[in-house]
Amino acid sequence: MRLRDRLRTSGAVRGFGAPPTRRTFLAMLGSAGAVRLVPQPHGLVPSGAEARPTLLCVGALTGGGSGAIHTLAVQGGRCEPLGSIPSEQPLALASHPARPIIYAANSVNRYRHEPRGTVEAVLVDQRTGQLERVACQPLSLSATYPRSLAVSPDGRSLLVAAFGGGAYNILPLDESGVPGAPSAILKQVGRGAHFPDQGSAHPASVVFVRQHLMGIAADFGADRLDLLSPDPNAPRKFTIVNRIACRPGSGPCALALHREGGLLVAAQRLRPALTIFRLVPPAHLEQSGEIPLPSTPAAITWCPQQEILYTVLTERSCLSHLHVWQLDPAAGTLRRIAEAALPAADIRAIHAGPAALYLASERGLITVNLDHTSRTPLLTTGLSAAVRGAVSLAAVTRA
Amino acid sequence: MTVAVNRGDPRFDTLKSGHNLRFPASDQEAADRILLCASADETADALRRVIAAGMRPTVRSGGHCYEGFVSSNPQGAIIDLSLYKTVTRDGETGSYCVAPGAVLGDVYLSLYKRWNLTLPAGSCFMVGAGGHISGGGYGLLSRLYGLTADWITGVDILTVDADGTVVARRVDKDQDPDLFRACRGAGGGNFGIITSFRFEKLPVAPREVVNASLFFPWKDMTEEQFTRILMKFGDYWEGRGKDPDTWGLFSLLEVTPKVTGHFGIHSQFCQPDGTVNDVSVFNEFLSRFDVFQPMTTLPATAPLGPHRLNLRTQGGSPRGIIKRPWLDATVGDGGGGGPTRAKYKSAYMKKTFTPAEASTIYKLYTSPANEGRGSVISIDSYGGAVNRPGLVRDTAVAQRSSIMKLQWQCYWRNADEDSEHLRAMDEIYTAVYTGSHVDAHHQGTPWGDRYEGCYMNYADCDMLRYSYWPELYYGRDGLYPFLQQVKRRYDPNNIFHSSMSVQE
Ligand SMILES: Cc1cc2nc3c(=O)[nH]c(=O)nc-3n(C[C@H](O)[C@H](O)[C@H](O)COP(=O)(O)OP(=O)(O)OC[C@H]3O[C@@H](n4cnc5c(N)ncnc54)[C@H](O)[C@@H]3O)c2cc1C
């Protein structure tokens with residue numbers, strides 16, 4: 001069962017109460033609305049609402065061009081380190097919908113001396129949290145520095161965005177979830193208004209639409225969203241079925257698909273904003289809103305149970321801001337309901353558990369407890385320094 | 001009309017490979033489609049379609065690429081220009097225009113018969129202009145006339161801009177001079193598809209040449225004697241061979257394993273004026289080897305080596321010298337051989353052989369372990385006009401101080417022998433460039449005081465394991481960073497790429 005399904009049926013989901021106003025939220029946080037980090041070797045913070053623990057996989061860069069993947073048991077904001085294996089540059093992680101496997105986009109540009117990025121498949125022991133690398137699959141030639149990946153809802157394909165090489169690769173997944181050589185290679189062209197950052201195509205983020213087996217990708221370099229569907233005659237071959245232009249020079253960098261799959265939020269890095277799209281079947285996106293942001297979005301995710309979106313914005317200083325947004329599903333718009341300063345400027349990924357948010361940062365894994373009712377951050381936060389250099393997150397259900 | 005050959009087409013299995021049958025390594029690695037184009041417009045159109053489909057285009061002209069840069073293209077498309085092979089003269093500018101699909105033999109015949117001109121290009125009839133000239137292109141007349149790339153004065157090239165638009169450019173020293181320079185020797189498959197090489201002028205074809213071969217029996221060949229032969233050969237190019245009156249002399253020392261019975265030196269000469277009225281330079285060179293009492297012909301029973309040159313020799317005449325019309329010597333025997341499995345390596349040498357180097361080669365080529373491995377070293381004379389000052393700045397060939405160029409070759413037929421031959425070649429080559437004659441940081445590679453790296457037209461993916469591989473191919477004086485800039489500017493999406501293409 002998929003993590004989110006499990007969580008949905010686990011009793012962890014509580015009713016969605018009235019969201020606090022910014023003032024009440026700041027009051028909850030104490031002065032200045034800043035979240036205080038509490039170092040927590042064992043991540044002990046007040047227990048939350050999660051009935052069953054989750055295994056959180058954390059990709060980390062350990063310096064000198066190497067990295068690691070760690071597992072932590074997280075429950076209600078507690079986190080306990082369990083396992084760890086070396087990896088190269090696990091800049092993004094994704095979990096299989098049915099198997100205890102995670103995939104790491106290894107943001108490298110060399111595989112056996114050739115210009116290729118790679119994807120690692122790692123088996124997670126759901127009981128102990130121990131990790132075992134089961135495959136390292138090279139991407140197509142010149143598909144370097146992969147930055148994002150997503151598993152198709154049927155568990156048969158892995159969509160990878162190669163930021164450096166300007167290409168998408170689809171890797172077929174076998175029965176046990178092991179990836180094979182790319183079954184589709186889609187070389188991209190295009191540019192945006194900002195040179196040199198947007199001098200060429202740079203696929204940066206990918207998601208899968210559950211209902212339609214369709215991939216959506218944000219191309220940071222070419223200011224567009226690409227919609228990819230399997231070829232009806234060859235299901236492992238994907239083609240681009242539509243392209244949606246974003247505002248010139250916006251630099252879409254991260255996508256978050258609402259759990260119902262009907263609404264997509266694209267975070268724009270170069271002209272900081274959130275753009276909201278409705279998915280119009282079979283393969284179109286219609287923009288329903290755009291919200292300028294005061295600073296650069298670094299990470300974005302939906303709350304799995306509710307109409308809440310979290311974004312992390314990076315400041316030039318050593319601070320980041322966590323913004324909490326409420327969706328108006330009918331209008332397809334977002335309204336900011338809370339904001340908090342986070343004492344780290346280098347947050348790279350965010351994962352929303354039912355009772356806490358987990359943020360991957362250079363200093364380690366930051367846990368931000370959530371109010372059960374409003375899903376907004378509480379004062380108490382924790383830092384697990386066991387995973388220094390954290391850059392990516394994915395969850396696997398614990399047995 | 002462009003001919004599209006897709007999987008399932010009866011021609012596909014033949015056309016999916018080039019000359020080196022090692023590639024594609026599997027059916028999965030093969031391209032999905034081959035588009036045969038017979039004009040620049042057809043090529044532009046094919047390229048547009050390939051880009052729009054999100055496929056990777058690889059470009060093929062003569063199909064003689066040493067590595068899988070063209071044929072290994074999973075789900076991609078090969079744009080094949082072998083049907084685009086005209087050799088013409090531009091009515092307006094008077095420039096000679098060579099289309100990429102023209103093979104060298106046809107180029108020689110056309111230039112000679114129409115205008116009594118030639119190119120100092122390679123010795124194999126079937127090598128294509130497209131890849132050969134892009135990578136520099138050298139041959140028997142290069143000491144006399146320089147590299148083929150030195151003569152280019154313009155290039156028609158299709159590039160793909162950031163938006164994916166195919167742009168047809170005519171580049172020269174005034175128009176896109178950076179791209180023009182990059183097209184003069186950096187290697188094909190890097191920046192775009194060249195649809196024409198343009199030459200304002202070309203060298204006059206020699207009228208006649210003399211050829212001679214010297215054969216040294218392996219039987220009774222001592223290490224000391226072998227070393228002396230190699231050093232005598234090398235000393236000549238490091239010394240006397242630098243004098244312009246010798247530039248019409250080309251020579252190749254071909255070392256084959258002991259089991260072949262003999263190794264030999266095969267030479268061609270003409271005076272700088274393209275005649276052979278005075279062959280004293282030739283005699284002077286050949287006489288250096290008299291002391292070893294070489295044979296000038298092989299016994300009828302001797303196995304034939306894989307000589308790349310059409311150097312016919314004659315018993316009876318002094319030192320076996322035979323005079324031939326230049327055209328006959330150049331294209332008379334056709335050649336190049338059919339497709340086979342092969343591996344190649346290269347090394348530029350700035351100085352003669354050291355005793356240690358010669359000793360390593362001796363040991364390797366007399367070792368019973370190497371008998372069946374089919375490896376051959378062709379040690380070509382180099383330098384002369386290639387090393388004229390200034391060319392290094394105007395072209396993309398960095399090696400302008402070498403006096404010899406080595407090509408390591410190995411041929412075999414069966415796929416199941418691949419790994420053994422590849423391993424053996426790598427071992428032999430690495431052994432020769434390991435030791436005190438190579439500087440400490442470049443062990444295993446021809447780099448340092450005595451060497452000038454490798455030749456991009458003899459591409460060798462083994463060299464990728466050295467982080468400094470671009471230095472080996474492009475030198476240390478800023479050429480590679482320059483090529484990277486050109487790459488970023490004219491191929492910002494890295495449409496044209498291979499494992500050894502210029503990398504961002
Ligand atoms: C039997 C044999 C003999 C040889 N003899 C010599 C010799 O005497 N001297 C010498 O210098 N070299 C020699 N070579 C090496 C030869 O020059 C290179 O292998 C050359 O690159 C082959 O060119 P091609 O067009 O035949 O090959 P292809 O396989 O068609 O192309 C080789 C490379 O060039 C690229 N390319 C081809 N056409 C174009 C184009 N139109 N625009 C842009 N890129 C293109 C390809 O993508 C590929 O990367 C020999 C090779 C062989 C196999």
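## Charge and surface of chain B

In this predicted model, chain B carries 53 positive and 56 negative charges, and the mean positions of these two sets are 2 Å apart. The accessible surface of chain B amounts to about 18,200 Å². Carbon and sulfur atoms contribute 51% of that surface.

## Overall form of chain B

Chain B has 504 residues, and its radius of gyration is 22 Å. A compact globule with that number of residues would have a value near 23 Å, so the value for chain B agrees with such a form. Along the principal axes, the C-alpha trace of chain B spans about 65 × 50 × 45 Å.

The secondary structure of chain B consists of 15 helices and 16 strands. Of the 504 residues, 63% count as buried. Among the contacts in chain B with a separation of 6 or more, 71% join residues that are 24 or more positions apart.

## The interface between chains A and B

Chain A and chain B meet through 22 residues of chain A, which are in contact with 23 residues of chain B. The area buried between the two chains is about 1,700 Å², and carbon and sulfur atoms give 49% of it. On the side of chain A, the residues that lose the most area to chain B are A:His113, A:Lys187 and A:Val189. Together these three residues account for 33% of what that side buries.

## A buried loop residue: B:Thr118

Where in chain B is B:Thr118 found? This residue lies in the loop between helix 3 (104-115) and helix 4 (129-134). B:Thr118 has a relative accessible area of 0%; a residue counts as buried under 20%, and B:Thr118 is therefore buried.

Neighbours within four places in sequence are left aside in the following description of its contacts. B:Thr118 is in contact with B:Tyr108 and B:Leu111, with B:Leu141, with the residues B:Leu202, B:Pro203, B:Val204, B:Ala205 and B:Pro206, and with B:Trp326.

## A partly exposed loop residue: A:His372

In chain A, the loop between strand 27 (364-370) and strand 28 (377-384) holds A:His372. Is A:His372 buried, partly exposed or exposed? Its relative accessible area is 28%. The partly exposed class lies between the limits of 20% and 50%, so A:His372 is partly exposed.

A:His372 and A:Ala355 are 17 residues apart along the chain, and their C-alpha atoms are separated by 6.5 Å.

How values were computed. Residues numbered from 1 in each chain as written. Chains lettered and ligands numbered in written order. Predicted model: local features only at pLDDT ≥ 70, side-chain atom pairs only at ≥ 80, totals over all residues. Heavy atoms only, no water. Helix = DSSP H or I, 4+ residues; strand = E, 2+ residues; numbered from the N terminus. Rg over C-alpha atoms; globule rule 2.2 N^0.38 Å. Buried < 20%, exposed > 50% of the residue type's maximum accessible area, 1.4 Å probe, protein only. Contact = heavy atoms within 4.5 Å. Areas by Shrake-Rupley, 256 points an atom, 1.4 Å probe, with all protein chains shown as cover. Lys, Arg positive; Asp, Glu negative; His and termini not counted. Charge placed at Lys NZ, Arg CZ, Asp CG, Glu CD. Buried area = accessible area lost by both parts, 1.4 Å probe.
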